[in-house]
Amino acid sequence: MKLGAAGLAAAIVVERGYDYFSESKAKAKIVIVGGGAAGITMSAYLSDMLRQVDVTIIEPNEIHHYQPGYTLIAADIFTPGEIAKPTQQLIPRHVKWLKDSVTELNPEGNSLTTAKNGRVSYDFLVLVPGCQMDFDLVDGITRKSLGEGNVHSIYDYRSAALCRDAIKQLGGVKDGKLVFTNTYTKVKCGGAPKKICLLTEDSLRKRNLRKNFEISYFANQNELMKPKVYGDRLVEIFAERDIKVKYKHRLTGVDTSAKKAFFDLLPEPSANPIFDDATHEKLVVDYELLHIVPPMSAPDFIKNSAVSVPIDKDNQGGWIKVDKETLVHSKFKNIISLGDVAGIPTSKTGAAIRMQAPIAAANLVSMMENKEPVMKYNGYSACPVITEHGKVLMCEFGYDEKLLPSIPFLDPGIERGMWWLLKVHGLKPMYYHGMLNGFI
Ligand SMILES: Cc1cc2nc3c(=O)[nH]c(=O)nc-3n(C[C@H](O)[C@H](O)[C@H](O)COP(=O)(O)OP(=O)(O)OC[C@H]3O[C@@H](n4cnc5c(N)ncnc54)[C@H](O)[C@@H]3O)c2cc1C
């Protein structure tokens, strides 16, 4: 069963004999690397749970983005300004902020190195630096080049706004090919590339321009989504809307001046950037507008350290090796990781962090009290796939593709208006006022 905050608090009281609402007297120096969704939420929970708060967030950026809003910028539903807030405003009062970047970890010595402030030591470390966007692994593309040759990506704040403008400007085009892709690595919010494809199609249909365009979606995998109930419905929706889906196609490069996209056809879906089979077919596709998803991995300073999963052919991401239930590092017991950088078999979303953070914080406090970390995360993640203006397919699941719907008596495989209201009007205030404050 999915636990809400109240259920979780009750479970902590029962399982740990620990009252979530009163403070622990345990003392330790806690360093949080990354002040994104997971870092700020963790700091809020820890501030509430500890009587003496010695928590430092290391984060270089002065502006924090509500990243699920990137898709809605491209769809012209949110403005860029609505989803950007000063980091300082979001960090809890008793938490220190070191405006710096971590360059190296030394988990054996309980310390790390930063770019400007040198060595920082800790008793407990929370690693939450998110995903690294490897745009330049697509030949011909860099993050800075987005926009050139009508190539866009909602995985970048600036590009999301350019994508919005490009969709609006499709009015003057006849017989255009719109090409949407995903990538071969684990990604944050796997539903997002499908959302922007469906929203673009919807925009053209509502503007009576749909007949002028051929729309294709190139997937690396051989399905659109897991668990199957959501994937099956998305296959139907893509067919109903005449969006051609090509499975097992990987975008390898783009010629932005000629507006050509290059694909490899995979014998089988693979997360390996290099194929063993050199005989695979290749395909060149002309496009009018191309939407891409960059390959993603753990930030380099994580990949280059002992905290990451060994990089082998099946796991190129170098994600952090934690127990999938307690979120405690499998080797270094004073390290906890959650959010996008955690190497756990669930989808990387803010919704997952909402469930992970109170569990990770309770387990960290347990360890500070020399107790076992007993709170367990069930892999809950959620992806509200916007299928058109006014409709969302709410995909909620946990480990092993177990369905974990918030409203169990509703058929999960149907897109609904109520989820649209939640996605567009509810989730952003819930994020800023609830999750980042450790309330929900
Ligand atoms: C287009 C898009 C659509 C999405 N849609 C949804 C959705 O509908 N629903 C949903 O639940 N989730 C969605 N997400 C996913 C969600 O936004 C992420 O899962 C979440 O933001 C991850 O939080 P995080 O704290 O792990 O990483 P981030 O929020 O990315 O934060 C990581 C932080 O670490 C910092 N950092 C990086 N390197 C260092 C370093 N060396 N030293 C110090 N700090 C460092 C970064 O500056 C950053 O602030 C979407 C994301 C995108 C991009």
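**Group meeting: a walk through a predicted two-domain model**

With 9 C-beta neighbours inside 10 Å, N208 counts as exposed, since a residue is placed in that class when 12 or fewer other C-beta atoms lie within this distance of its own. I begin with this residue, and I should say at once that what we are looking at is a predicted model. N208 sits in the loop that runs between helix 6 (192-206) and strand 13 (213-218). In space, its C-alpha is 9.4 Å from the C-alpha of G171, although 37 residues separate N208 and G171 along the sequence.

Let me step back to the overall layout. The protein chain is divided into domain 1, made of 5-131 + 298-378 + 432-437, and domain 2, made of 135-296. Between the C-alpha centres of domain 1 and domain 2 the distance is 31 Å, and to the contact between them domain 1 contributes 18 residues while domain 2 contributes 20 residues. On the side of domain 1 that touches domain 2, the largest share, 4 residues, comes from helix 3 (residues 69-74). The residues on that side of domain 1 divide into 7 nonpolar, 6 polar and 5 charged.

Where, then, does the ligand lie with respect to the two domains? The shell around the ligand takes residues from both domain 1 and domain 2, so the ligand lies between them. Of the 37 residues around the ligand, the ones that come nearest are G34, G36, Q67, G130 and G339. Helix 3, which we have just met at the domain contact, is also one of the elements that supply at least two residues each to this shell, along with helix 2, helix 9 (350-368) and strand 21 (381-388). By residue class, the shell around the ligand is made up of 21 nonpolar, 12 polar and 4 charged residues.

I turn now to the sheets, beginning with the parallel one. Here 5 strands form an open sheet in the order 5-2-1-9-20, and the pairing is parallel. Strand 5 (96-98) and strand 20 (335-337) stand at the edges with a single partner strand each, so that one side of each is left without a neighbour in the sheet. From one strand to the next, the twist averages 20 degrees. At the strand 20 edge, strand 9 (residues 124-127) pairs with strand 20 in the parallel sense over 3 bridges, and within these two strands V126 stands opposite I336. Helix 2 (residues 37-49), which we have already seen at the ligand, lies across strand 1 (30-33), strand 2 (55-58) and strand 9, and runs at about 175 degrees to strand 2.

The next sheet is antiparallel, and it is open as well, with 3 strands in the order 6-7-8. Which strands stand at its edges? They are strand 6 (102-106) and strand 8 (118-121), each of which pairs on one side only. If direction is ignored, neighbouring strands of this sheet are turned by 25 degrees against each other on average. Strand 6 is joined to strand 7 (residues 111-114) by 4 bridges, and L105 has L112 of strand 7 as its bridge partner. The hairpin of strand 6 and strand 7 has 4 residues between the strands, and in this hairpin N110 takes a positive phi near 50 degrees. On the other side, strand 7 and strand 8 run antiparallel and are joined by 4 bridges, with a hairpin of 3 residues leading from one to the other. L112 appears again here, standing opposite V120 in strand 8, and thus this leucine faces L105 in one pairing and V120 in the other.

I will close with one more strand pair. Strand 16 (residues 260-265) and strand 17 (residues 282-286) pair in the antiparallel sense over 5 bridges, and F263 stands opposite L283 in strand 17. How many of the 5 residues of strand 17 are buried? The count is 0, and strand 17 is accordingly described as hardly covered.

Note on methods:
Residues are numbered from 1 along each chain as its sequence is written. This is a predicted model: local features need pLDDT of at least 70, side-chain atom pairs count only at pLDDT 80 or more; totals for chains, interfaces and linings use all residues. Domain bounds come from an automatic or database domain assignment. Two residues are in contact if their C-beta atoms, placed from the backbone, lie within 7 Å. Ala, Val, Leu, Ile, Met, Phe, Trp, Tyr, Cys and Pro count as nonpolar, Asp, Glu, Lys and Arg as charged, and the others, Gly among them, as polar. Two strands pair if DSSP finds at least two bridges between them. Axes are lines fitted to C-alpha atoms, for helices over the stretch in contact, and angles run from 0 to 180 degrees between N-to-C directions. A residue is buried if 20 or more other C-beta atoms lie within 10 Å of its own, exposed if 12 or fewer, and partly exposed in between; C-beta atoms are placed from the backbone. A residue is near a molecule or strand if its C-beta atom, placed from the backbone, lies within 6 Å of it.
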